[in-house]
Amino acid sequence: MNQELTKKLAPGHTTCAGCGIPVIVRTILGATKDPVIVSNATGCLEVTTTIYPYTAWKIPYIHSAFENAAATISGVEAAQKALLKKAKLKKSAKGGSAFGGKAKLVVFGGDGGTYDIGLQSLSGALERGHEFLYVCYDNGGYMNTGGQRSGGTPLGANTETEPAGLDSFGKSRNRKDLMEIVKSHGIKYLAQANVAYPNDLAMKAKKALETKGPSFLLVLQPCTNLWKFPTSRYVRLGRLATETNFWPLYEIEKGNYVINYVNKNPKKVEEFLKEQGRFKHLFEEKNKKVIKEIQKSVNGNWKKLVEMSGSK
Ligand SMILES: Cc1ncc(C[n+]2csc(CCOP(=O)(O)OP(=O)(O)O)c2C)c(N)n1
């Protein structure tokens with residue numbers, strides 16, 4: 001494996017075959033040459049990289065509880081500021097030494113840890129204006145514990161806690177609009193990305209890591225376990241999410257919206273749904289109205305985004 005890529009997160013982890021979480025972490029951390037300190041909420045990334053007595057992390061790493069990963073990094077930032085003030089830390093560290101100079105501070109959390117359980121600590125850290133990057137890798141469910149629904153699970157998905165059956169078509173509500181929630185804190189940079197577009201993700205990571213103050217990235221991470229598709233379709237499926245406008249790529253920089261991938265002829269959302277076992281039941285006659293509902297919401301969200309970005 002390319003040594004540059006594995007400088008911060010080693011290959012010796014235990015994520016599922018075909019999981020994109022390590023790609024997300026390496027792409028984002030690869031966007032800076034500065035030292036980095038990571039705070040990680042409990043979840044798939046944490047359990048697969050820190051199996052006692054081993055660790056796949058080659059940089060300072062703090063496993064935080066589910067609800068306080070952003071509070072942990074707030075403390076690290078305050079400590080770093082104090083050390084800089086006392087001249088016990090250099091403003092920049094040549095050669096990437098972990099403790100020699102000012103580090104970039106990054107949080108990783110899953111959608112359960114971000115949309116739901118850690119939202120209060122994220123909100124507090126954003127509002128206080130700490131300088132850090134928060135990354136939510138969104139696989140649409142609480143995966144480390146077997147696939148419960150989260151505030152990020154899409155309408156109609158079959159999950160362990162809102163299963164599809166005789167009287168249920170799966171998740172009964174739309175996803176929370178996490179980007180708008182984060183935006184409302186008035187931070188300078190946030191963006192929605194997708195692991196299937198790594199160059200776009202790297203560009204956004206660089207901007208986010210150079211932002212003075214808090215920044216935020218919401219990254220789609222197709223989960224072979226929950227979404228139920230063959231690993232060989234991983235990139236294809238990720239791209240379908242964007243090609244159907246289900247998961248648009250966009251940035252909000254100082255309040256200005258920029259769409260990074262414009263579909264002249266977007267595919268129908270059905271194309272994305274039909275590839276996944278978690279939406280299989282929607283193709284039964286009695287549930288087809290839910291597909292229409294999803295398409296309606298995708299169209300509405302896209303229209304809003306286009307209006308916000310001022311493009312046609
Ligand atoms: C307060 C609290 N509630 C529940 C748990 C149990 N728990 C640990 S990891 C996890 C799922 C994490 O889901 P998510 O944040 O989406 O990350 P993923 O596992 O999908 O990477 C749960 C429910 C916990 N550790 N702490």
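This dialogue walks through the ligand shell and the helix packing of a predicted model.

Me: Let's start with the ligand. Which residues come nearest to it?

Reply: The shell around the ligand has 18 residues, and G43, C44, G110, G112 and N144 come nearest. Next, map the shell onto elements. Helix 2 (44-49), strand 3 (104-110) and helix 4 (111-117) each give two or more residues.

Me: Which element gives the most to that shell?

Reply: Helix 4, with 4 residues.

Me: How do the shell residues divide by class?

Reply: There are 10 polar, 6 nonpolar and 2 charged residues around the ligand.

Me: Now burial. How many residues of helix 1 are buried?

Reply: Count neighbours first: a residue is buried if 20 or more other C-beta atoms lie within 10 Å of its own. Helix 1 spans residues 21-29, and 9 of its 9 residues are buried. The run goes I21, P22, V23, I24, V25, R26, T27, I28 and L29. Note that R26 is on that buried list.

Me: What do these buried residues pack against?

Reply: The partners are strand 1 (36-41), helix 2, strand 3, strand 4 (133-138), helix 7 (198-209) and strand 6 (215-220). Two of them, helix 2 and strand 3, also give residues to the ligand shell.

Me: Take one pair. At what angle do helix 1 and helix 7 cross?

Reply: Roughly 45°, with the axes coming within 8 Å. That angle makes helix 1 oblique to helix 7. The crossing is right-handed.

Me: Which residues meet there?

Reply: Helix 1 brings V23, T27 and I28, and helix 7 brings P198, L201, A202 and A205. By class, this contact has 6 nonpolar residues, 1 polar and no charged. On spacing, the general idea is that an α-helix has 3.6 residues a turn, so residues three or four places apart point the same way.

Me: And helix 3 with helix 5: what is the angle there?

Reply: About 35°, with the axes 7 Å apart. Helix 3 covers residues 69-85 and helix 5 covers 119-128. A69, A70, A71, I73 and S74 in helix 3 meet S121, L122, G124, A125 and R128 in helix 5. This contact has 6 nonpolar, 3 polar and 1 charged residues.

Me: Last, helix 9. Which of its residues are buried?

Reply: In helix 9 (residues 234-243) they are Y234, G238, L240 and T242. Their cover includes strand 5 (189-194), strand 6, helix 8 (224-228) and helix 10 (269-273). Strand 6 also packs against the buried residues of helix 1.

Me: What does the backbone do just after helix 9?

Reply: Look at N245, which takes a positive phi of about 70°.

Methods: Residues numbered from 1 in each chain as written. Predicted model: local features only at pLDDT ≥ 70, side-chain atom pairs only at ≥ 80, totals over all residues. Near = placed C-beta within 6 Å. Nonpolar A, V, L, I, M, F, W, Y, C, P; charged D, E, K, R; others polar. Axes fitted to C-alpha atoms, helices over the stretch in contact; angles between N-to-C directions. Contact = placed C-beta atoms within 7 Å. Buried ≥ 20, exposed ≤ 12 C-beta atoms within 10 Å, placed from the backbone. Parallel < 35°, antiparallel > 145°, perpendicular 65-115°, else oblique. Left-handed = near helix turned anticlockwise from the far one by under 90°.
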